[in-house]
Amino acid sequence: MGDGGFEQLDKVQQGLVSRAQVAAAGMTRSCLRWRLHTKRWKVVLPGVFAMFTGDLHREQQLIAALLYGGPDARLTGAVAMTVHGFRSAPDERCVRIVVPCGRRVPSTGFVRVHRTKRPDPFARRVGTFRVASPERSVVEAARAAVDRRRVRAWVAEAVQVGHCTVEDLVRELRAAPRAGTAVLRLAIDEVIAGVRSVAEGDARALLAGSAVLPGLVWNPRLIGPAGVVLPTPDGWVAEADLAVEVDSREYHLSPEGWERTMRRHRQLAEAGALVLHFSPQQIREEPAAFVRSVERAYLTRLAASHRSRIDIVSAPRS
């Protein structure tokens with residue numbers, strides 16, 4: 001039998017084929033052995049063959065892992081986040097797949113197999129790949145992570161970009177095994193409280209430890225004198241009409257981003273607010289100086305007997 005019988009599979013599966021597909025195409029075992037023996041084909045995983053002899057590139061590894069796991073297998077964790085388009089997805093060398101609990105498929109080679117008793121009702125196909133839902137992918141990746149800032153970035157991106165909602169993450173987190181989820185729970189709590197980025201999360205954690213400042217509200221909706229709706233600041237000290245803005249350089253590289261920031265600043269200042277701007281780098285590299293700066297501004301407003309003129313219309317649940 002020539003390779004023509006695998007022409008369609010070759011296009012879709014990029015030169016990879018499973019043992020079951022070989023049998024369904026009518027190839028005999030002796031023919032398969034001959035192709036492997038003569039190195040026309042090669043074994044890449046148990047029961048998965050490459051119709052070529054070179055190394056597999058990343059997409060081929062994902063296809064091979066799914067062929068190995070069977071028709072019910074799904075990509076999960078970091079690799080699934082990459083397929084979903086997460087910019088913050090970690091670079092993990094292995095390929096993680098999830099299979100139903102009853103499947104006897106061991107981890108091998110570059111494939112790590114996870115078993116579940118909970119089928120993912122929101123699993124989907126992205127291009128040629130079968131993947132777990134974004135929320136399950138994030139939860140599975142976070143359970144293996146220890147870096148709080150990285151997990152915070154995944155959760156923030158998931159919600160900001162629209163991969164899934166906070167409610168989706170909470171639902172998945174409640175259903176998942178509790179082991180390894182402490183860091184993820186903190187990150188989700190921050191998003192619920194209104195934190196929208198890694199740098200905001202750093203700022204929130206630092207300012208929450210201040211013995212001088214009252215609690216800040218993050219990303220509240222504000223209304224100024226005469227009922228004017230104001231821009232939403234990152235952090236807000238209501239008692240002093242004090243805004244703490246975390247300005248990402250990436251966001252402000254364009255002239256439009258800079259103009260938008262200046263317009264926000266001007267509108268808040270005209271309503272009587274004091275606006276403090278900090279870069280993520282300043283917060284990360286000079287945390288004590290960042291906290292002192294906000295504390296000094298707050299105390300200065302109190303010493304000047306500042307009276308709040310701006311009301312909070314609504315704020316995320318803290």
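**Figure 1. Thr181 and its partners in a predicted model.** Leaving aside neighbours within four places in sequence, Thr181 is in contact with Arg143 and Leu173. Keep in mind, as you look around, that this is a predicted model. You can find Thr181 in the loop between α8 and α9, where α9 covers residues 182-192. Is Thr181 buried or exposed? Its relative accessibility is 1%, so Thr181 counts as buried. The side chain of Thr181 also reaches back to the backbone oxygen of Arg178, at 2.6 Å.

**Figure 2. Helix α6 meets helix α8.** Here we look at two helices, α6 (residues 134-143) and α8 (residues 166-175). Their axes come within 9 Å and cross at roughly 55°. That angle makes α6 oblique to α8, and α6 passes α8 in a right-handed crossing. Which residues of α6 meet α8? They are Glu135, Arg136, Val138 and Val139. On the α8 side, the residues they meet are Asp168, Leu169, Arg171, Glu172 and Leu173.

**Figure 3. A closer look at Glu172.** This view stays with helix α8, the home of Glu172. With 5% relative accessibility, Glu172 counts as buried. Not counting residues up to four places away in sequence, Glu172 touches Arg118, Glu135, Arg136 and Val139. Now find Asp120, which is 52 residues from Glu172 in sequence. In space, the C-alpha atoms of Glu172 and Asp120 are 9.5 Å apart.

**Figure 4. Helix α6 also packs with helix α5.** In this view, α6 appears with another partner: α5 and α6 pack at an angle of about 140°, and their axes are 7 Å apart. This arrangement makes α5 oblique to α6. The limit that matters is 145 degrees, because only angles over that value count as roughly antiparallel. What is the handedness of the crossing where α5 passes α6? It is a left-handed crossing. From α5, the contact involves Gly77, Ala78, Ala80, Met81 and His84. From α6, it involves Pro134, Ser137, Val138, Glu140 and Ala141.

**Figure 5. The largest nonpolar core.** How many residues make up the largest nonpolar core? It has 28 residues. Those with the most contacts inside this core are Leu16, Ala64, Leu75, Val95, Ile97, Val111 and Phe129. Several helices and strands each supply at least two core residues, among them the helices α4 (58-69) and α5 (77-84) and the strands β2 (42-45), β5 (95-100) and β6 (111-116). The largest share comes from α4, with 7 residues. There is also a second, separate core of 23 residues, including Ala89, Cys164, Val166 and Leu184.

**Figure 6. Val111 and its contacts.** Let us zoom in on Val111, one of the residues with the most contacts inside the largest nonpolar core. Which residues does Val111 touch, not counting residues up to four places away in sequence? They are Leu45, Ala65, Tyr68, Val95 and Ile97.

**Figure 7. Gln13 pairs with Gln21.** Start at helix α1 (residues 7-13), where Gln13 is found. Gln13 has 10% relative accessibility, so it counts as buried. A polar contact of 2.8 Å joins the side chains of Gln13 and Gln21. Besides Gln21, Gln13 touches Ile63 and Leu67, when residues up to four places away in sequence are not counted.

**Figure 8. Two residues with a positive phi.** Most residues other than glycine have a negative phi. Lys39 is not a glycine, yet its phi is positive, at about 65°. Lys39 is found in the loop between α3 (29-37) and β2. With 64% relative accessibility, Lys39 counts as exposed. Asp241, also a residue other than glycine, has a positive phi near 50°. Its place is in the loop between β12 (235-237) and β13 (242-246). Asp241 is buried, with a relative accessible area of 0%.

**Figure 9. Gly109 and Val44.** Our last view shows Gly109 in the loop between β5 and β6. Is Gly109 buried or exposed? At 55% relative accessibility, Gly109 counts as exposed. Gly109 and Val44 are 65 residues apart along the chain, and their C-alpha atoms are separated by 8.6 Å.

Terms used:
Residues numbered from 1 in each chain as written. Predicted model: local features only at pLDDT ≥ 70, side-chain atom pairs only at ≥ 80, totals over all residues. Heavy atoms only, no water. Core = buried A, V, L, I, M, F, W, Y, C linked by side-chain atoms within 4.5 Å. Buried < 20%, exposed > 50% of the residue type's maximum accessible area, 1.4 Å probe, protein only. Helix = DSSP H or I, 4+ residues; strand = E, 2+ residues; numbered from the N terminus. Contact = heavy atoms within 4.5 Å. Polar contact = N/O pair within 3.5 Å; in protein donor to acceptor, adjacent residues only side chain to side chain. Axes fitted to C-alpha atoms, helices over the stretch in contact; angles between N-to-C directions. Parallel < 35°, antiparallel > 145°, perpendicular 65-115°, else oblique. Left-handed = near helix turned anticlockwise from the far one by under 90°.
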